Amino acid sequence: MTVNTNEKSILTSFSYAQQQLADIEAIDYFFAKEMCQALLIEATNKDVLAHVFIALSANLRAGHTCLAIGEIANKNWGCAYDEQGLCSHQGFTFPDHTRLTTLLNQLELTQDNDKLLVFYQQNLYMRRYYNFESELESFIKQKLAQDSGYAINDVGQCIDTLFPLQLLNGASEDAIDWQKLAVANAINKSFSVIAGGPGTGKTYTVTKLLAALIMLASKNDDALEIALVAPTGKAAQRLTESIINAISGFSDVIEPQILAAIPTGAQTIHRLLGVIPNSPNFRHNQQNLLSCDVLLIDEVSMVDLPMMTRLFRALKPHTKVILLGDADQLPSVAVGSVLADIAPRPHHGYSQSNYDYLAHVCQIDKNALKNSFIHQTDTPNDHLSLLLKSRRFDGEGGIGKLAFNVINGDVEKSWQLLCATTDSTTFSTSQLSLVDGELSTWLAPLVEQYYRNISRCTNIEEAFKLLARFRVLCVTRQGEFGVDAINQWITTLLSPSTAYLGHESQQANYHGMPIMISENDYQLGLFNGDIGLLWRNSENQLMAVFETTEQCYKSLLPSRLPKFDRVYAMTIHKTQGSEFEHVAMILPKNSNNQLLSRELLYTGITRAKKLLTIASAKRSWQQGVAKAVKRNSGLTLISQSKNTHQ
């Protein structure tokens, strides 16, 4: 049976555990030690179960909701080799699946008791994450079972109004308008997901959906309270701007009073729920429900499992929920991958009743609609609409082709695309460039082109527009090609005349310096990820200026700001919800970087609208494209028995 050739227990000391297992943290070791004591683990089983608990803690740090026992059975875990190929960490070889299951079953880690761990359907959870997952699954399934109550003919008339045939832009009458289908599919459901990549028209589609809901409510003289939220301040600002832009283009289709009723002011999820200082809880919860009738959540890929569960806890039973996002992007920084779990790709198709409904209200051929889903299964996804046609990346440009190859894990094609010969007649040079060598060779000219002139702008509006055109994206904060080093290198290159103002961040502040807030300050209305500029006003006083959702600016003394950093460069994670005309993405030389993945590269690639410069060695690129982010989770909308405990 076993398994470990080491004579000493892994719990002998943390330093000993570090010598045996690669990449573990102190929290993993002490978590395992605490679990062994709390669960009264017998000495004969302690070493195996201690390693299981260490692996569970490490998985939680990596964003997994649980530890899948099948993925560690018979596997050597925690083994590592140094640069010379010599074994630096022996690791631990787990017993087979049957033995692991037997050991965990003996602990009676069921849903119904109050032990700290839960073993359910071959997944080992910390109880709090099992409860979050079970609770969210239950909330969503309850909403899926609700009937919207709209008359099908009223829905059909509404769809006809919003999508008149002359707006097909030259497509044949038999062509399926996926945006129209998404609106129709979401109207009659209390829970829906609209997912798609950049340029697929998610915000355009959902704005028409909001108009449809307002039109249907007005038939009964009802007024809908609609809340628009996003996980970050920047994402909320972008959602506001996108909806305002969409509304401005609908005046020839939608009546003015309906357009006027569409809300445009988005806010963060934290602000909607009401933050309680120094507490993980919110003012709105099961006992103090939100008043909104419709809740739209944008950039859902960034929302972690605990936050999503807390949000659903605060909703009225009949609040309609619409989720919007790109399921191929990086999952949340914290635990869970909610959007990826409930928005499977490829689409599994719809139920027969949903095909009937969509064919009727959209006036399309039912068989043609069914045949468009080539991966139909016995588990239909009636709640899900996928927008696959990108108007920004039409399939001919290099950025779109690269994003497609990367997210599909095509290592060779994606690298060939980057290495295409420099021919002005090809798409590759018009959008893509692969660079190598010293930063002074390729990055310095870009810094001169985009960043040098920020401080020379005559007004703050021009400066923000210039700042929004270009950004350097990095994989990590630390390291030779991390955010901190690149920001310092660019600052040195620009050589501004600086005047240190004594800010706690211990950095020199100067006119034209771009900054990003790194912690929330609800009193000032500033949030982690908000970007501003340090700018001298008419009185020659250096102020921190931020764009607001009202398309104006607010100025604060730098000394009043929460923690902030320079932001010539930022991590790819931090750019979710942002877009730039030109992106320069720098990958670390170490191809074994644990953060490299196809989802990370896809997210960085799709931040660029027109130009993309990539600095990467072949091995690092191949490592990233080959690795997919897979987060273990038990969240599923397929019916099964799963008890929920608060």
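Here are two short exercises on this predicted model, each with a worked solution.

**Exercise 1. Confidence**

Find out which elements have the lowest and the highest mean pLDDT, and where pLDDT is below 50.

*Solution*

Step 1. Start with the whole protein: its mean pLDDT is 87, and 91% of its residues reach 70 or more.

Step 2. Now go element by element. Strand β11, residues 294-297, has the highest mean, 97, while helix α18, residues 427-431, has the lowest, 58.

Step 3. Look for the weak stretches. Residues 167-173 have pLDDT below 50, with five contacts beyond near neighbours in sequence. Over residues 421-429 pLDDT also stays under 50, and here the model has 15 contacts beyond four places in sequence.

Step 4. Draw the practical conclusion: where pLDDT is low, the predicted coordinates should not be read in detail.

**Exercise 2. A sheet and its helices**

Work out the strand order of the open sheet of three strands, then place helices α3 and α5 against this sheet.

*Solution*

Step 1. The order is β1-β7-β6, and the pairing is antiparallel.

Step 2. Check the edges: β1 (67-68) and β6 (117-120) each pair on one side only.

Step 3. Zoom in on the β1 side. Two bridges join β1 to β7, residues 123-126, and Ala68 stands opposite Asn123 of β7.

Step 4. Add the helices. Helix α3, residues 43-61, lies across β1, β6 and β7, at about 70° to β7. Helix α5, residues 127-144, packs on the sheet too, touching β6 and β7, and its direction makes about 105° with that of β7.

Terms used:
Residues numbered from 1 in each chain as written. Predicted model: local features only at pLDDT ≥ 70, side-chain atom pairs only at ≥ 80, totals over all residues. Heavy atoms only, no water. pLDDT = per-residue confidence, 0-100. Helix = DSSP H or I, 4+ residues; strand = E, 2+ residues; numbered from the N terminus. Contact = heavy atoms within 4.5 Å. Pairing = 2+ DSSP bridges. Axes fitted to C-alpha atoms, helices over the stretch in contact; angles between N-to-C directions.
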